[in-house]
Amino acid sequence: MQLAMIGLGRMGANIVRRLMRDGHSCVVFDANPKAADTLAGEGATAVKSLAELKQRLQPPRAAWVMVPAGEITETTVKELGDLFEKGDIIIDGGNSFWKDDIRRAKKLKEKGVHYLDVGTSGGIWGLDRGYCMMIGGDTAIVQHLDPIFRTLAPGLGDIPRTEGREKRDPRPELGYLHAGPNGAGHFVKMVHNGIEYGLMQAYAEGFDIMHHANSTELPPEHRFDLNLPDIAEVWRRGSVISSWLLDLTSSAFAADEKLDSFAGHVEDSGEGRWTVLAAVESAVPADVLTTALYTRFRSRESESFAEKLLSAMRKGFGGHHEAKLE
């Protein structure tokens, strides 16, 4: 099957490579021509513009947009929408806000151009592991592109099959899901990333407690000098909290036991914020996800105004002076 890929960063380029491995034909474009040329050397067709991209595709055309969420995605989808014709398909595989998907799909439908939002998880490991995909859009279009999704998905692999799923949709077992109409794909991926924040925060806090288990604030007989790399590794083996995130944690400790190469400044992609907003709109309590998001905000300040105010209040009511920093 033929597919165009717009945006050849680490995920976009590897999606193309995985597709070509399975015999699909790919037309590629990136603002950096060298990125497209690299894939051309591996068998893709590189183009210099979206207009040329259109000419290289056979109707009904299908183009996957894999660029950062926000203005660049908005501009790219609009330009493609102006170029494409009735029956053509635009796929947004980035981390767009789901309400934007609904708006774009409605606008493109006026011209007869189809739109799919595909929440894509797999990161830089997707080339070999495959990509978990959550898809929003019309059923007929999702079915039309099934060969693409089936190639990109991880497949059954060695994960034990879930009993009782024999009569259900087989696609989730393979690693991809038609979540619902436009917007549903990115909505599910948004919540996925919100959960990711919470899981990461739980691991981080747990290891931080163990990191401080030998604190001089504790009685000597209550102190433990724990080997965090070994704990991370043993938890990977049969523990109920084993996960890919724990695998990555163990790898990080193995490479840098004290994590000295990290400053602890943690960014957020935006989807954590959107998940919290969705919870507010639906009046659903999301304590863990919200706290994890706020912790990321906190990580970007060496000292916050709030902490300064806490210190000032403590001094005011109790005469507590700040400890001198060494």
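**Exercise 1. Identify the bridge partner of Ile6 in β4 and place the pair in its sheet.**

Solution. In strand β4, Val65 is the bridge partner of Ile6. This is a predicted model, in which local features need pLDDT of at least 70, side-chain atom pairs count only at pLDDT 80 or more, and totals for chains, interfaces and linings use all residues. Residues are numbered from 1 along each chain as its sequence is written, and side-chain values use heavy atoms, with hydrogens and water left out.

Next, consider the strands (DSSP runs of E, at least two residues, numbered from the N terminus). β1 (residues 2-6) and β4 (residues 62-65) run parallel and are joined by 3 bridges; strands pair if DSSP finds at least two bridges between them.

Finally, the open sheet has 8 strands in the order β3-β2-β1-β4-β5-β6-β7-β8, with mixed pairing. β3 (45-46) and β8 (176-180) stand at the edges with a single partner strand each, so one side of each lacks a neighbour in the sheet.

**Exercise 2. Determine whether Glu271 is buried or exposed, and list what it touches.**

Solution. Glu271 belongs to helix α13 (residues 271-282), a helix being a DSSP run of H or I of at least four residues. Its relative accessible area is 0%, so Glu271 is buried (under 20%; exposed is over 50%, partly exposed in between; 1.4 Å probe, protein chains only).

Not counting residues up to four places away in sequence, Glu271 touches Asn95, Lys189, Met190 and Asn193, where contact means heavy atoms within 4.5 Å.
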